[in-house]
Amino acid sequence: MDFWRMLLAAVLVAVPTLFFVVLGRRFLPCLICSKTKSGFGGALVLFVLGQVAVTEYLFWQGYVVATSFPWSEYAEGLDRFAAYVTVGPSFIQALLGLALLVLLVTKRSSAALAGVIVLLWLMGPVAVLIESWYFQLAFSVSALLPMFLWAAFWTAYLVLSPRVALTYGTVRGHRLAD
C-alpha cells in the first residue's frame with residue numbers, strides 16, 4: 001500500500017513538472033551565446049520540480065485544514081473571519097507558488113525574473129514569518145532554516161547563473177552575449 005501512495009505522490013509531482021518544463025521550453029530565451037547554454041533547462045528544471053512539490057503541498061494543506069474545520073460553529077461575523085484566517089495562508093502561499101511557476105516558464109524578461117525572486121520569498125520565508133507573528137507562534141530554527149536556505153540558494157542561482165541571465169535577458173546576460 002505504501003508503494004502505491006509513493007507512486008501516486010511521484011506522479012502528482014512529475015506530471016505537472018513535465019507540463020511546466022515542456023511549456024517553458026516553448027518560449028525562446030531572450031539572448032543566445034555560442035559559449036554558454038541558454039533556454040529553459042538545467043537546474044531550472046530542478047527548481048520547477050521543487051516549486052511544484054511545495055505548491056501542491058500548500059494546496060493540499062489548505063484543503064485538509066478547510067475540510068476538517070468545523071465551519072458550522074463559525075456561522076457569521078468575526079468568528080467566520082477567524083476561520084478564514086486559519087485556512088487562508090496556505091491557499092495564498094499556494095497561489096503565489098502557482099504565479100511563480102507561470103511567470104518563470106512563460107515570461108522572458110529581467111522583470112519577470114525579479115518577480116519570480118520576489119514571489120519565491122513571499123510564498124516562503126516572508127509568509128511564514130507573518131503567520132508566526134499573526135498567530136503568535138514560535139518556530140524553531142530547524143523549522144525555519146530549510147525554508148530560508150531554499151529561498152537563498154535559488155535566489156543565488158537565479159541571480160548568478162549565466163543560463164538564467166541569457167534566458168531572461170538580464171543586464172548580466174547582455175554582457176555575456178557580447
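What follows is a walk through this structure, from the overall fold to its core and then to a few individual residues.

Keep in mind from the start that this is a predicted model. The chain is helical in its secondary structure, with 7 helices and 0 strands. Written out along the sequence, that gives the pattern α-α-α-α-α-α-α. Of the 178 residues in the chain, 37% are buried. On the outside, the chain exposes about 10700 Å², and carbon and sulfur atoms account for 72% of that area. The contacts tell you something about how the chain folds back on itself: take those between residues at least 6 apart in sequence, and 72% of them join residues at least 24 apart.

Let's start with the first two helices. α1 has 25 residues, and at 1.5 Å a residue they should span 36 Å; the C-alpha atoms at its ends are 36 Å apart, so the expected and modelled spans agree. Its buried residues are Val13, Thr17, Phe20, Val21 and Gly24. An α-helix has 3.6 residues a turn, so residues three or four places apart point the same way. With that in mind, have another look at Val13, Thr17, Phe20, Val21 and Gly24, the buried set of α1.

α2 has 26 residues and reaches 38 Å from its first C-alpha to its last, close to the 38 Å expected at 1.5 Å a residue. The buried list here includes Leu44, Phe47, Val48, Gln51, Thr55, Leu58 and Gly62. Leu46 also belongs to α2, but Leu46 counts as exposed because its relative accessibility is 52%, and exposed means over 50%. Leu46 can be placed relative to α1 as well: Val21 is 25 residues away from Leu46 in sequence, and their C-alpha atoms are 9.8 Å apart in space.

Now for the interior. In soluble globular proteins, nonpolar side chains tend to be buried together. Here the largest nonpolar core holds 26 residues, and the ones touching the most other members are Phe40, Leu44, Phe47, Val48, Leu104 and Leu158. The helices α1, α2, α3, α4, α5 and α6 each supply at least two residues of this core. The largest share, 6 residues, comes from α4.

Leu158 is a good place to see how the parts meet. Beyond its neighbours within four places in sequence, Leu158 is in contact with Leu44, Phe47, Leu113, Val116, Ile117 and Val164. Follow one of those partners, Leu113, which lies in α4. Leu113 has a relative accessible area of 5%, and because that is under 20%, Leu113 counts as buried. Its contacts, not counting residues up to four places away in sequence, are Leu158, Val164, Tyr168 and Thr170. Leu113 and Gly169 are 56 residues apart along the chain, yet 9.2 Å separates their C-alpha atoms.

Finally, which polar contact does the side chain of Ser90 make? Ser90 sits in α3 and counts as buried because its relative accessibility is 10%. The side chain of Ser90 makes a polar contact with the side chain of Gln61, at 3.3 Å. Setting aside neighbours within four places in sequence, Ser90 is in contact with Leu58, Gln61 and Gly62. Two of those partners, Leu58 and Gly62, are themselves among the buried residues of α2.

How values were computed
Residues numbered from 1 in each chain as written. Predicted model: local features only at pLDDT ≥ 70, side-chain atom pairs only at ≥ 80, totals over all residues. Heavy atoms only, no water. Core = buried A, V, L, I, M, F, W, Y, C linked by side-chain atoms within 4.5 Å. Buried < 20%, exposed > 50% of the residue type's maximum accessible area, 1.4 Å probe, protein only. Helix = DSSP H or I, 4+ residues; strand = E, 2+ residues; numbered from the N terminus. Contact = heavy atoms within 4.5 Å. Expected span 1.5 Å × (residues − 1). Areas by Shrake-Rupley, 256 points an atom, 1.4 Å probe, with all protein chains shown as cover. Polar contact = N/O pair within 3.5 Å; in protein donor to acceptor, adjacent residues only side chain to side chain.
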